[in-house]
Amino acid sequence: MLVDDKIFLGTSTRPEYLALKYANRHGLITGATGTGKTVSLQILAEGFSAAGVPVFAADIKGDLSGIAAMGKALDWQVKRAEQIGLTDYVPAKFPAIFWDLFGRQGHPVRTTISEMGPLLLSRILDLNDTQEGVLNIAFKYADDNGLLLLDLKDLRALLVEIADNAQTISTTYGNVATATVGAVQRALLVLEQQGGDNFFGERALEIADLMRTTTDGRGYVSILAADELMQSPRLYATFLLWLLSELFEELPEVGDPDKPRLVFFFDEAHLLFDDAPKALVDKVEQVVKLVRSKGVGVYFVTQNPVDIPETVLAQLANRVQHALRAYTPREQKAVRVAAETFRPNPAFSTEEAITQLGIGEALVSVLEDKGVPSIVGRTFIRPSAGQVGPISAEERRALIANSPVAGLYDSVVDRDSAFEVLGEKARRRQEQDAHERRLAEAEAAAREAEKAARRDAPRRSTRQTPTEAAVTSFTRSVASRLGTALVRGILGGLTRGR
Ligand SMILES: Nc1ncnc2c1ncn2[C@@H]1O[C@H](COP(=O)(O)OP(=O)(O)OP(=O)(O)O)[C@@H](O)[C@H]1O
Ligand SMILES: [Mg+2]
């Protein structure tokens with residue numbers, strides 16, 4: 001699996017390796033369905049783990065989870081091992097940590113609204129420019145007023161506050177139309193229905209927990225359950241993008257390390273770019289470019305290289321291209337584009353080869369000495385050592401219970417944040433209003449009583465009758481009692497949980 005700091009990938013006319021020192025120069029695995037992409041991803045992940053490099057990968061169909069279970073030396077695995085002269089082929093299993101945004105098939109992964117920030121949030125919510133503008137203002141307002149934005153209810157409370165104070169806020173921060181705030185609220189509701197409320201909150205994921213190694217020096221493979229998540233493709237894509245940018249922001253610069261500090265596999269990568277605005281594509285391009293010097297390798301997995309914008313594609317140096325179909329003119333064009341990205345091999349036509357590759361066979365080109373791309377080789381990919389296909393629910397449960405982060409993220413922490421603070425503020429405002437209303441009523445009643453007393457005055461002394469005195473003092477005492485009660489209420493309101 002590992003030979004001199006290189007991961008063995010398979011055999012063309014020669015053995016093909018991925019050099020660990022160039023593994024942070026990113027990569028791409030492509031091919032039509034059923035051509036062997038997931039197995040290729042798995043053998044890379046296995047190699048990295050064995051080399052002590054932690055891996056993060058989204059598991060779209062649940063089949064990558066097999067990496068955590070001992071391989072079963074299936075027929076095709078044994079045959080492929082023989083075919084490529086892999087005499088020391090032995091099944092193995094790899095250390096894995098399971099994660100799940102919904103907290104069902106792995107440890108919950110959460111982040112806070114503040115950490116996600118308005119740009120990515122706008123993208124998740126599919127906001128237009130005006131709506132995004134309002135969201136920006138909301139974040140600014142929250143910052144200026146020390147409001148913590150942790151979960152979706154914080155953001156909702158903040159938006160209510162913004163709508164309630166639209167006029168004053170507009171003068172300081174720029175125009176806020178309440179109708180726009182309403183539209184953002186509705187988008188939030190959709191996200192909530194998609195399960196977004198599981199994802200926003202604390203305890204937020206710490207990057208260090210994705211970068212663990214075992215005591216015997218193997219890299220943990222973090223597997224994000226993404227089958228359910230794929231129902232909300234935007235949430236999926238944005239979450240992974242957020243994770244990448246977190247890696248970039250939190251990790252120190254390392255230049256070109258001997259091996260990556262983390263390798264990140266982005267499966268179904270086309271989802272990130274499907275009708276993505278240019279600003280977002282630029283951001284992806286930038287993050288991918290910059291994260292390299294933090295020692296993070298990013299590998300995109302998708303059916304066709306044309307799914308990925310050229311500026312991003314140009315940065316993916318290590319390539320595994322499985323077979324593509326070429327029936328329609330559009331498919332033929334895609335094959336041509338895919339072929340052009342390889343350094344040609346005089347022995348065959350890259351373009352033809354792409355359509356002729358068998359299952360588990362791929363065109364491979366990686367960075368070699370001095371970072372030069374290797375001549376493309378038509379390669380039989382080695383069989384995975386771990387299990388192919390999903391592990392059972394029981395196996396998963398056992399692995400989750402015994403994982404190094406067991407208990408760390410499993411329950412939600414709900415600190416005082418915008419929702420609580422603004423809720424308290426609104427409650428106090430309401431109490432204040434009620435207090436003033438009751439005072440006004442009491443005063444009006446007192447005035448009524450005085451008027452009545454004055455009406456009777458000409459016939460009687462200016463002194464109040466015992467009844468009148470009782471009425472007046474009753475109203476006053478009501479007022480003052482209400483007053484005290486309210487004061488107590490306000491002070492009492494400052495402590496939570498009433
Ligand atoms: N390196 C390999 N050598 C031999 N057979 C392979 C190899 N890789 C994959 N196969 C065969 O192809 C099957 C499908 O592989 P895999 O699941 O990796 O395809 P895929 O491209 O990920 O498919 P999908 O697009 O449906 O996710 C495997 O179960 C195995 O039988
Ligand atoms: Mg697959």
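**Close-up 1. Lys6 sits over the ring of Tyr17 in this predicted model.** The charged end of Lys6 lies 4.6 Å from the centre of the Tyr17 ring.

**Close-up 2. Lys294 covers the face of Phe248.** Here Lys294 is placed 4.5 Å from the ring centre.

**Close-up 3. Glu368 and Arg14 pair in a salt bridge.** The N to O distance between the two side chains is 3.1 Å. The partners come from distant parts of the chain, 354 residues apart. Glu368 belongs to strand β13 (residues 367-368). Arg14 sits in the loop between β2 (6-11) and β3 (15-19). Glu368 is partly exposed, its relative accessible area being 30%. Arg14 is likewise classed as partly exposed, at 34% relative accessibility. The pair belongs to a network of salt bridges that links Arg14, Glu16 and Glu368. Across the whole structure, the search returns 18 salt bridges.

**Close-up 4. Arg203 and Glu206 form a salt bridge.** Their closest N and O atoms are 3.1 Å apart. Arg203 has a relative accessible area of 26% and is partly exposed. Glu206 is partly exposed too, at 39% relative accessibility.

**Close-up 5. Glu285 and Lys289 meet in a salt bridge within helix α11.** The N to O distance is 3.4 Å. Both residues lie in α11 (residues 278-291). They are four residues apart, about one turn of the helix. Is Glu285 buried or exposed? Glu285 is buried, with a relative accessible area of 17%. That value counts as buried because the cut-off is under 20%. Lys289, at 48%, is partly exposed.

**Close-up 6. Phe266 and Phe300 form a stacked aromatic pair.** The structure holds 14 aromatic pairs by the rule used here. In this one, the rings are 5.7 Å apart, centre to centre, with 20 degrees between the planes. The angle is under 30 degrees, so the pair counts as stacked. Phe266 lies in strand β9 (residues 262-266) and Phe300 in strand β10 (residues 296-302), so the pair ties together parts that are 34 residues apart in sequence. Phe266 is buried, with a relative accessible area of 0%. Phe300 is also buried, at 0% relative accessibility.

**Close-up 7. Ring pairs build an aromatic cluster.** Its members are Phe56, Tyr236, Phe264, Phe266, Phe273 and Phe300. The stacked pair of Phe266 and Phe300 thus reappears here in a wider setting.

**Close-up 8. Helix α4 crosses helix α7 at roughly 90 degrees.** The axes of α4 (residues 129-144) and α7 (residues 178-193) come within 9 Å. The crossing makes α4 roughly perpendicular to α7. On the α4 side, the contact is made by Thr130, Gln131, Val134 and Leu135. On the α7 side, Thr180, Val181, Ala183 and Val184 take part.

**Close-up 9. Helix α4 also crosses helix α5, at roughly 95 degrees.** The axes of α4 and α5 (residues 152-164) come within 10 Å. This makes α4 roughly perpendicular to α5. Which residues of α4 make the contact? They are Leu135, Ala138, Phe139, Tyr141 and Ala142. From α5 come Leu155, Leu158, Leu159, Glu161 and Ile162. Leu135 of α4 is listed in the contact with α7 and in the contact with α5.

**Close-up 10. Arg415 lies in the loop between α15 and α16.** The flanking helices span residues 393-401 (α15) and 418-456 (α16). Arg415 is partly exposed, at 41% relative accessibility. Neighbours within four places in sequence aside, Arg415 is in contact with Leu148, Leu150, Glu202 and Glu420. Gly196 is 219 residues from Arg415 along the chain, and their C-alpha atoms are separated by 18 Å.

**Close-up 11. Gln356 is placed in helix α14.** The helix covers residues 350-356. Gln356 is partly exposed, at 44% relative accessibility. The C-alpha atoms of Gln356 and Arg325 are separated by 8.8 Å. Along the chain, these two residues are 31 residues apart.

How values were computed: Residues are numbered from 1 along each chain as its sequence is written. Chains are lettered from A and ligands numbered from 1 in the order in which they are written. This is a predicted model: local features need pLDDT of at least 70, side-chain atom pairs count only at pLDDT 80 or more; totals for chains, interfaces and linings use all residues. Side-chain values use heavy atoms; hydrogens and water are left out. A salt bridge is a side-chain nitrogen of Lys or Arg within 4 Å of a carboxyl oxygen of Asp or Glu. Helices (H or I, at least four residues) and strands (E, at least two) are DSSP runs, numbered from the N terminus. Buried means under 20% relative accessible area, exposed over 50%, partly exposed in between (1.4 Å probe, protein chains only). Rings of Phe, Tyr and Trp (its six-membered ring) pair if their centres lie within 6.5 Å; planes under 30 degrees apart count as stacked, over 60 as edge-to-face and the rest as tilted. A charge sits over a ring if NZ of Lys or CZ of Arg is within 6 Å of the ring centre and within 35 degrees of the ring normal. Axes are lines fitted to C-alpha atoms, for helices over the stretch in contact, and angles run from 0 to 180 degrees between N-to-C directions. Angles under 35 degrees count as roughly parallel, over 145 as roughly antiparallel, 65 to 115 as roughly perpendicular and the rest as oblique. Contact means heavy atoms within 4.5 Å.
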